[in-house]
Each structure stands twice: as structure tokens, then as C-alpha cells.
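These notebook entries record what I looked up in one structure. I began with the sheet and went on to the helices, single residues and the pocket.

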Amino acid sequence: MNNLTKFRIARPAHELFEAFADPAKIGNFWFSSSSERWEKGKSVTLIYKEYNAEVGITLLEVEADKRIVFQWAGEENIVTITLEEQPDESTIIAINEEGFQENDPELLGKIVDNKEGWVFVLSCLKGYLEFGVTALRTGIVK
């Protein structure tokens with residue numbers, strides 16, 4: 001089972017890639033910070049200061065300006081971020097999270113929560129890259 005979320009962001013693929021990979025930029029739209037630059041084979045800690053939380057990821061594949069694949073620490077789910085630059089220099093970003101178990105009695109809730117999360121992350125990314133808005137990322141309430 002997978003969950004696919006796609007957005008068009010009016011910026012070149014390189015800018016979207018760097019927003020995720022550069023620890024100095026990720027705090028503008030998603031986590032507060034990242035322990036290091038996203039590169040293949042690295043284990044990175046993502047920190048959310050506002051919620052006193054952190055999560056680890058292992059980067060399985062990183063192709064600059066095209067693709068990032070990571071696995072959440074302690075989970076089976078794998079996230080693939082694909083960047084497809086368009087002729088007008090906008091980029092279609094697709095985030096596909098796989099690993100949900102069909103027989104999980106909480107599957108529907110997990111899928112809805114996951115979709116909500118990725119839509120929020122991409123909305124914050126769009127606000128940051130297109131309009132310079134950096135204060136959205138902590139707005140979601142569960």
C-alpha cells in the first residue's frame with residue numbers, strides 16, 4: 001500500500017532539492033532542523049524543536065535535483081520524493097510513501113494522517129519557495 005501526493009511549485013527542481021537536502025533550509029518549511037546534509041547512505045536526525053521531538057531517517061538514494069528515497073527510523077515505510085522540472089522551470093514534486101499494511105486495523109486513519117501530513121509539508125514548501133513564507137510549518141494541529 002502506498003500514498004501519493006503531488007504538487008506543482010513554481011521554482012526549478014534544484015531549489016526544491018536544496019530545500020530538503022540543505023540543513024539550513026529545511027527549517028523554513030518542515031522540521032526545525034536537520035543534523036546534516038542529505039546524502040546517500042547517511043542517517044540523519046530531523047528535529048522539531050516546537051514539539052520537543054526528533055525522528056531519524058536513512059537516505060537510501062539521493063540524486064541531486066531529481067530524487068530522494070529515505071526510510072523512517074524504526075519503521076518499514078519508505079518515502080520517495082521525485083522532482084520533475086517542467087519547461088517553464090516549475091517543478092512537479094511527487095511524494096510517495098510505501099509500506100502501509102493492508103491488514104492493519106488502523107490503516108484508514110494512518111493513510112488519512114499521512115496524506116494530511118504530506119499535503120501540509122508541500123503547502124509549506126510552496127509558500128516558502130514561491131512567496132518567502134517561513135512561518136507556516138508549525139501551524140498544523142492534531
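**Entry 1. The sheet.** I took two strands as paired if DSSP finds at least two bridges between them. The model is a predicted one. On that basis I found seven strands in an open sheet, ordered β1-β7-β6-β5-β4-β3-β2, with antiparallel pairing. I noted that β1 (2–9) and β2 (33–34) stand at the edges; each has a single partner strand, so one side of each is left without a neighbour in the sheet.

**Entry 2. Strand pairs.** I then looked up individual pairs. β1 and β7 are antiparallel and pair over eight bridges; here I found R8 opposite I92 in β7. β6 and β7 also run antiparallel and are joined by eight bridges, and I78 stands opposite E98 in β7. For β3 (residues 43–48) and β4 (residues 53–63), I recorded antiparallel pairing over six bridges, with L46 opposite V55 in β4.

**Entry 3. Cover on β7.** I checked burial along β7 and found the strand mostly covered, with six of its eight residues buried.

**Entry 4. Helices against the sheet.** I asked which strands α1 and α3 lie across. Helix α1 (residues 13–21) lies across β1, β4, β5 (67–72), β6 (78–85) and β7 (91–98), and runs at about 155 degrees to β6. Helix α3 (residues 107–131) lies across β1, β5, β6 and β7, at about 15 degrees to β1.

**Entry 5. Burial of α1.** How many of the nine residues of α1 are buried? I counted a residue as buried under 20% relative accessible area. Seven of the nine meet this, so α1 is largely enclosed by the rest of the structure. The buried residues are A13, L16, F17, E18, A19, F20 and A21.

**Entry 6. T80.** I located T80 in strand β6. Is T80 buried or exposed? Its relative accessible area is 12%, so I entered T80 as buried. Leaving aside neighbours within four places in sequence, I listed the contacts of T80 as R67, I68, V69, A94, I95, N96 and E98.

**Entry 7. Positive phi values.** I looked for residues other than glycine with a positive phi, and noted D65 and E89.

- D65 lies in the loop between β4 and β5. Its phi is near 70 degrees, and with a relative accessible area of 25% the residue is partly exposed.
- E89 lies in the loop between β6 and β7. The two strands form a hairpin with five residues between them, and E89 in the turn has a positive phi of about 70 degrees. At 47% relative accessibility, I entered E89 as partly exposed.

**Entry 8. The largest pocket.** Rolling a probe the size of a water molecule over the atoms shows where empty space is left. I recorded a volume of about 780 Å³ for the largest pocket. Its lining has 28 residues, and F31, W72, D113, N114 and G117 lie nearest the centre. The elements that give two or more residues to this lining are β4 and α3. Which element supplies the largest share of the lining? I found that α3 does, with nine residues. By class, I recorded 15 nonpolar, five polar and eight charged residues in the lining of the largest pocket.

Methods. Residues are numbered from 1 along each chain as its sequence is written. This is a predicted model: local features need pLDDT of at least 70, side-chain atom pairs count only at pLDDT 80 or more; totals for chains, interfaces and linings use all residues. Side-chain values use heavy atoms; hydrogens and water are left out. Helices (H or I, at least four residues) and strands (E, at least two) are DSSP runs, numbered from the N terminus. Contact means heavy atoms within 4.5 Å. Axes are lines fitted to C-alpha atoms, for helices over the stretch in contact, and angles run from 0 to 180 degrees between N-to-C directions. Buried means under 20% relative accessible area, exposed over 50%, partly exposed in between (1.4 Å probe, protein chains only). On a 1 Å grid over the protein atoms alone, a cavity is a set of points where a 1.4 Å probe fits but cannot get out, and a pocket is an open set with protein on both sides within 12 Å along at least five of seven lines; lining residues have an atom within 4 Å of a point. Grid points are joined across faces, edges and corners, and a volume is the space filled by probe spheres set on the points. Ala, Val, Leu, Ile, Met, Phe, Trp, Tyr, Cys and Pro count as nonpolar, Asp, Glu, Lys and Arg as charged, and the others, Gly among them, as polar.
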